[in-house]
Amino acid sequence: MPQRVVVIGGGICGLATAHRLAREGMAVTLLEASDQLGGLGTFFTSQGRSVERFYHCVMPTDTALLALLDEVGLRESVGWNPTSMGMIVEGEHRSFNSALDLLRFRPLSLVNRIRFGVVSLLLRRLGKGKDLDGMRTEDWLRGLYGDKIWELLLAPLFGAKFGAAFGDVPALYVWQRLGRESNESVRGYPAGGYKSVIDALRASIEAHGGEVRTSAPVGRLEAGEDRVLVTLSGGETIEADHAVSTVPLPALRAIADPDLVPLLPDVRLPYQGVVNTLFFLRKPLSGHYWAPVIRSGTDFDGVIEMTPLTGSERYGDRHLVYVMHYTDRESALYREDSESIARRWTEQLLSLHKGLTADDVDEVRVFKAPFVEPVYPLGYLTKRPAVEVPGTRLLLATTAHVYPDVTSWNSSVELSRSVTATLLRDARSSSTQENTAWSAESARSSQH
């Protein structure tokens, strides 16, 4: 009889975990609270086409994600295209890709432009052998680049991700992020969008006998040494041999049984959420895939143009643009109604792009996510929780566990592989012990 596993959360980590466990012969049930799988990869429909609510791309360095796509037959569907970076500083648009672009970057003095270029080329090497986990990002980068570059460029550029807390984040996170992107100008995107990845993973789970349930929020989770018990909000209970939770730790504590709560990791991380607005435009903007927005009178901190990566055909010959601001889920912006955000951010986008008019804006959508990125404290490598919850058959696979890797689909897939290997090892060990105990009991019975 195959062991039963409940996977809580239908984001990419939960899907990848359920996919691999089902392929290994486990009886898997995946539970997703919302009506859609995919987590930050969820989508909506516009003009009959599926569109991601939050922007995504595949990097050539995303080896774990590419291996997963290979497993479900989608690796060859990824189309690769060169992309470029722009920058909007004080309302002025600049290209930011080459040494010549840097030399023309007037917001910095010539001396600081040269310093920026040299340090940026050497940054990965300069971080090797240092305790970057215990060093503040501001201390590390300010020391290397100098006060002016930090204050005028780096603090607003990287701070868009973490807000005022960015300077306190371990420098290891930035160093690791540079390792993932590695000055790569080539990015990829699946031909069928990220929905095709989600659909393929669901099909794989079900083809191997697993069950995938959406609109199935968990109301209570109990976990002991020999079983787990999951109670859905509607009252249905599911008993299993193991469980894997991929939901953020604050959400897990909210559903954990009182006996389970003290066993969970005592890691209280603040999380950044995101407010993300999508514009379908009748004309392109700058043609840059990514452009940070600095001191330009906007609430949003960055502009992502998807068309240079995906083409405009998949959006009905329109150009898809994402603008975003990372913020705490308790902030005034996060709590503001979507219509007000859409109206104000449309005005701000038009003010940044003088050739764009209101008639060029075909459609605007606003989406929010409360748990996008943990704000890691110094020394988090020693504080990072284990994936196993002691004394239980519950394993954890959350964004609190991916550090120092950058939070991404790739790091989530890599984490799922590690957690799956741990669960399979534990399951085989417990199965061996049970078989040994049964054999011993049978031998004793035969002697009587």
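**Around glycine 209, the open sheet and the cores**

Glycine 209 counts as exposed, because its relative accessibility comes to 62%, past the 50% cut-off for that label. This value, like the others here, comes from a predicted model. The glycine sits in the loop that links helix H8 to strand S9 (211–213). Just after H8, then, glycine 209 adopts a positive phi of about 90°.

H8 itself covers residues 193–207, and its length works out: with 15 residues at 1.5 Å a residue, the helix should span 21 Å, and its end C-alpha atoms lie 22 Å apart, which agrees. Plenty of names turn up on the buried list for this helix, among them Gly193, Tyr194, Val197, Ile198, Leu201 and Ile205. Ser196 and Ser204 are buried in H8 too.

On the other side of the loop, S9 belongs to an open sheet of five strands, ordered S9-S2-S1-S13-S19 and paired in parallel. S9 and strand S19 (394–396) have a single partner strand each, so they stand at the edges, with one side of each lacking a neighbour in the sheet. On average, neighbouring strands here are turned by 15° against each other, ignoring direction. As for the partner of S9, strand S2 (residues 27–31) pairs with S9 in the parallel sense over three bridges. Within that pairing, leucine 30 stands opposite valine 212 of S9. Helix H1 (residues 12–23) packs on the sheet and touches strand S1 (4–8), S2 and strand S13 (242–245). The direction of H1 makes about 165° with that of S2.

Away from glycine 209, the trail leads to aspartate 301: the C-alpha atoms of the two residues are separated by 45 Å, and they are 92 residues apart along the chain. The side chain of aspartate 301 is joined to that of histidine 325 by a polar contact of 2.5 Å. Histidine 325 is part of strand S17 (residues 319–327). Leaving aside residues up to four places away in sequence, histidine 325 also touches Gly273, Val274, Val275, Asp299, Phe300, Leu333 and Trp345.

Then there are the nonpolar cores. The largest has 120 residues, and Phe116, Met306 and Leu394 have the most contacts inside it. Again not counting residues up to four places away in sequence, methionine 306 touches several tyrosines, namely Tyr55, Tyr189, Tyr289, Tyr315 and Tyr322, along with His56, Gly311 and Leu320. A second core, separate from that one, has 20 residues, including Val275, Leu285, Val323 and Leu333. Two of these names are familiar by now: Val275 and Leu333 are also touched by histidine 325.

Conventions:
Residues numbered from 1 in each chain as written. Predicted model: local features only at pLDDT ≥ 70, side-chain atom pairs only at ≥ 80, totals over all residues. Heavy atoms only, no water. Core = buried A, V, L, I, M, F, W, Y, C linked by side-chain atoms within 4.5 Å. Buried < 20%, exposed > 50% of the residue type's maximum accessible area, 1.4 Å probe, protein only. Contact = heavy atoms within 4.5 Å. Helix = DSSP H or I, 4+ residues; strand = E, 2+ residues; numbered from the N terminus. Expected span 1.5 Å × (residues − 1). Pairing = 2+ DSSP bridges. Axes fitted to C-alpha atoms, helices over the stretch in contact; angles between N-to-C directions. Polar contact = N/O pair within 3.5 Å; in protein donor to acceptor, adjacent residues only side chain to side chain.
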